[in-house]
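This report introduces a structure to a reader who has not met it before, taking its sheets, its pocket and some of its finer details in turn.

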Amino acid sequence: MSNPSSQHPFEIQRLDHLVLRVQDLARAVTFYRDVLGCTVARERPSLGMVHLHAGASMIDLVDVAGPLGTPGGPAAGAQSRNLEHLCLRVEPFDVEALRAHLQAHGVALHGKPENNFGAEGDGMSVYLRDPDGNGVELKGPASDCGCS
């Protein structure tokens, strides 16, 4: 779907940050920090926002009842989402270790591990949901599976 004749004054390098509206900021920070391993980069209580390091990128959490979250309308829930899912590239990718870690935090995998296409190519991944129902994909390295 690329358009080789199209010229841009820039080249996208990576996803810089993603902003998720959440119902319980403390609960969301706990999930992304303790379950997924993100680290808190900055807290901005006046905005109802916490910035988290997620590898080379960031995930920003915004309280739906705060100044930045209110304009977005009702919170995400069982029938509405902030997004379909976000994908975090993880290493090492050991499905049983991931499953055990998530279960210890009361988080279940959705479906079975499967091969999916991502920024580095085809590789195995698993899916779960954050406390607000947003999908999270944990993706391992690309493999030589010859998948399409």
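## The sheet of strands 1 to 4

In this predicted model, 4 strands form an open sheet whose order is 1-4-3-2 and whose pairing is mixed. Strand 1 (17-22) and strand 2 (39-44) stand at the edges with a single partner strand each, so one side of each is left without a neighbour in the sheet. From one strand to the next, the twist averages 20°. Helix 1, made of residues 25-35, packs on this sheet and touches strand 1, strand 2, strand 3 and strand 4 (57-63), while its direction makes about 160° with that of strand 4.

Within the sheet, strand 2 and strand 3 (residues 49-54) run antiparallel and are joined by 5 bridges. Arginine 44 has methionine 49, in strand 3, as its bridge partner. As background to such pairings, strands of a sheet pair through backbone hydrogen bonds, either parallel or antiparallel.

## The sheet of strands 5 to 8

Another open sheet of 4 strands has the order 5-8-7-6, and its pairing is mixed. Its edge strands are strand 5 and strand 6, each of which pairs on one side only. Here the twist from one strand to the next averages 35°.

Strand 6 (110-118) and strand 7 (121-129) pair in the antiparallel sense over 6 bridges, and they form a hairpin with 2 residues between them. In this pairing glutamate 114 stands opposite serine 125 in strand 7. Strand 7 also pairs with strand 8, again in the antiparallel sense, over 5 bridges. Serine 125 stands opposite lysine 139 in strand 8, and leucine 128 stands opposite valine 136 in strand 8.

## Two details of the backbone

What sign does the phi of glycine 133 take in the hairpin of strand 7 and strand 8? The hairpin has 5 residues between the strands, and there glycine 133 takes a positive phi near 90°. The peptide bond from glutamate 91 to proline 92 is cis, with omega near -5°, and proline 92 is found in the loop between strand 5 and helix 2. For comparison, most residues other than glycine have a negative phi, and most peptide bonds are trans.

## A link between distant parts of the chain

The count of salt bridges comes to 5. One of them joins arginine 27 to aspartate 132, with the closest N and O atoms 3.6 Å apart. This pair links distant parts of the chain, since arginine 27 lies in helix 1 and aspartate 132 in the loop between strand 7 and strand 8, the two being 105 residues apart.

## The largest pocket

The largest pocket has a volume of about 760 Å³. It is lined by 32 residues, of which Ala54, Cys87, Leu88, Arg89 and Val90 are the closest to its centre. By class, the lining of the largest pocket is made up of 20 nonpolar, 8 polar and 4 charged residues.

Which element gives the largest share of the lining of the largest pocket? That share, 5 residues, comes from strand 5. At least two residues of the lining are supplied by each of strand 4, strand 5 (85-89), helix 2 (95-104), strand 6 and strand 8 (135-139).

## The chain as a whole

The protein chain has 2 helices and 8 strands, and from the N terminus on its elements run β-α-β-β-β-β-α-β-β-β. Taken along the principal axes, the C-alpha atoms of the protein chain fill a box of roughly 50 × 45 × 30 Å. To return to the two sheets, one has the strand order 1-4-3-2, whereas the other has the order 5-8-7-6.

Terms used: Residues are numbered from 1 along each chain as its sequence is written. This is a predicted model: local features need pLDDT of at least 70, side-chain atom pairs count only at pLDDT 80 or more; totals for chains, interfaces and linings use all residues. Side-chain values use heavy atoms; hydrogens and water are left out. Two strands pair if DSSP finds at least two bridges between them. Axes are lines fitted to C-alpha atoms, for helices over the stretch in contact, and angles run from 0 to 180 degrees between N-to-C directions. Contact means heavy atoms within 4.5 Å. On a 1 Å grid over the protein atoms alone, a cavity is a set of points where a 1.4 Å probe fits but cannot get out, and a pocket is an open set with protein on both sides within 12 Å along at least five of seven lines; lining residues have an atom within 4 Å of a point. Grid points are joined across faces, edges and corners, and a volume is the space filled by probe spheres set on the points. Ala, Val, Leu, Ile, Met, Phe, Trp, Tyr, Cys and Pro count as nonpolar, Asp, Glu, Lys and Arg as charged, and the others, Gly among them, as polar. A salt bridge is a side-chain nitrogen of Lys or Arg within 4 Å of a carboxyl oxygen of Asp or Glu.
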